[in-house]
Amino acid sequence: MIYHVLTRKTPYEPKPRSGRPRVTDILSNGRIQRMSSSQKMSVREITTASRLQISKNTVRRRIIESGYMIHAKMARRLPLSKLHISKRLKWARNHIPCGDKWMAVLFSDDKKMGPRWT
């Protein structure tokens with residue numbers, strides 16, 4: 001195989017790749033990765049700021065291809081303020097002496113479920 005390539009009269013040129021060509025080039029890929037890592041922009045913001053006609057999925061793929069970004073969902077609620085923390089601690093300290101009455105309380109995040117027999 002190598003002998004045929006070296007002895008042919010015309011220079012060797014690889015065949016063009018099959019499939020749809022990429023919308024983004026190396027420079028725009030780098031720009032997308034910089035925007036996502038340094039400016040803490042969302043995918044939608046990056047799509048509009050990139051000045052390219054690309055979809056949100058393309059932006060997501062380029063970020064994943066970078067290798068150093070990981071997918072993480074943002075927190076759904078804000079962290080508690082100092083005032084809320086102090087009020088919760090005060091409430092808890094006031095209700096500690098209730099003793100065995102706590103055994104009868106069902107908190108909203110608890111689930112009272114037995115095994116399912118269907």
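Contact here means heavy atoms within 4.5 Å. Helices (H or I, at least four residues) and strands (E, at least two) are DSSP runs, numbered from the N terminus. The model is a predicted one, so local features need pLDDT of at least 70 and side-chain atom pairs count only at pLDDT 80 or more, while totals for chains, interfaces and linings use all residues. Residues are numbered from 1 along each chain as its sequence is written, and side-chain values use heavy atoms, with hydrogens and water left out.

The chain has five helices and zero strands, giving the pattern α-α-α-α-α along the sequence. Of its 118 residues, 14% are buried; buried means under 20% relative accessible area, exposed over 50%, and partly exposed in between (1.4 Å probe, protein chains only). The accessible surface comes to about 12,000 Å², with 58% of it belonging to carbon and sulfur atoms. Those areas come from the Shrake-Rupley method with a 1.4 Å probe, and for residues only the protein chains shown count as cover. Among contacts with a separation of 6 or more, 40% are between residues 24 or more positions apart.

Helix α2 is a good place to start looking. It covers residues 26-38, and its 13 residues reach 18 Å from first C-alpha to last, close to the 18 Å expected at 1.5 Å a residue. The expected span is 1.5 Å times one less than the number of residues in the helix. Buried in α2 are S28, N29, G30, I32, Q33, M35 and S36, and their cover includes α3 (43-49) and α4 (56-66). After α2 comes K40, with a positive phi near 55°. R51, in the loop between α3 and α4, also has a positive phi, near 60°, and is a residue other than glycine. As general background, most residues other than glycine have a negative phi. R51 is exposed, at a relative accessible area of 71%.

Two of the buried α2 residues, I32 and M35, turn up again in the largest nonpolar core, a set of six residues that also takes in I46, I54, V59 and I63. The elements giving two or more residues to this core are α2 and α4. A nonpolar core is a set of buried Ala, Val, Leu, Ile, Met, Phe, Trp, Tyr and Cys residues joined through side-chain atoms within 4.5 Å. Leaving out residues up to four places away in sequence, I54 touches V23, T24, I32, T47 and V59.

V23 sits in the loop between α1 (2-7) and α2. With 48% relative accessibility, V23 counts as partly exposed. On the same reckoning of neighbors, with residues up to four places away not counted, V23 touches Q53 and I54. V23 and S55 are 32 residues apart in sequence, and their C-alpha atoms are 10.0 Å apart in space.

Next, the charged pairs. A salt bridge is a side-chain nitrogen of Lys or Arg within 4 Å of a carboxyl oxygen of Asp or Glu, and the count by this rule is two. In one of them, the side chains of R22 and E65 meet at 3.0 Å, N to O. This pair links distant parts of the chain, with R22 in the loop between α1 and α2 and E65 in helix α4, 43 residues apart. E65 also forms a salt bridge with R62, where the closest N and O atoms are 3.6 Å apart. E65 and R62 are three residues apart in helix α4, so about one helical turn separates them. More generally, an α-helix has 3.6 residues a turn, so residues three or four places apart point the same way. R62 is buried, at a relative accessible area of 6%, whereas E65 is partly exposed at 43%. Through shared partners, the salt bridges join R22, R62 and E65 into one network.

Helix α5 tells another story. It is hardly covered, with a count of zero buried residues among its 13. Its end C-alpha atoms are 18 Å apart, which agrees with the 18 Å that 13 residues should span at 1.5 Å a residue. I85, found in α5 (residues 82-94), is partly exposed at a relative accessible area of 39%. Together with L80 and L89, I85 makes a nonpolar surface patch of about 240 Å². Patches are made of residues with over 30% relative accessible area and no salt bridge, with like charges joined within 9 Å and nonpolar side chains (Val, Leu, Ile, Met, Phe, Trp, Tyr) within 5 Å.
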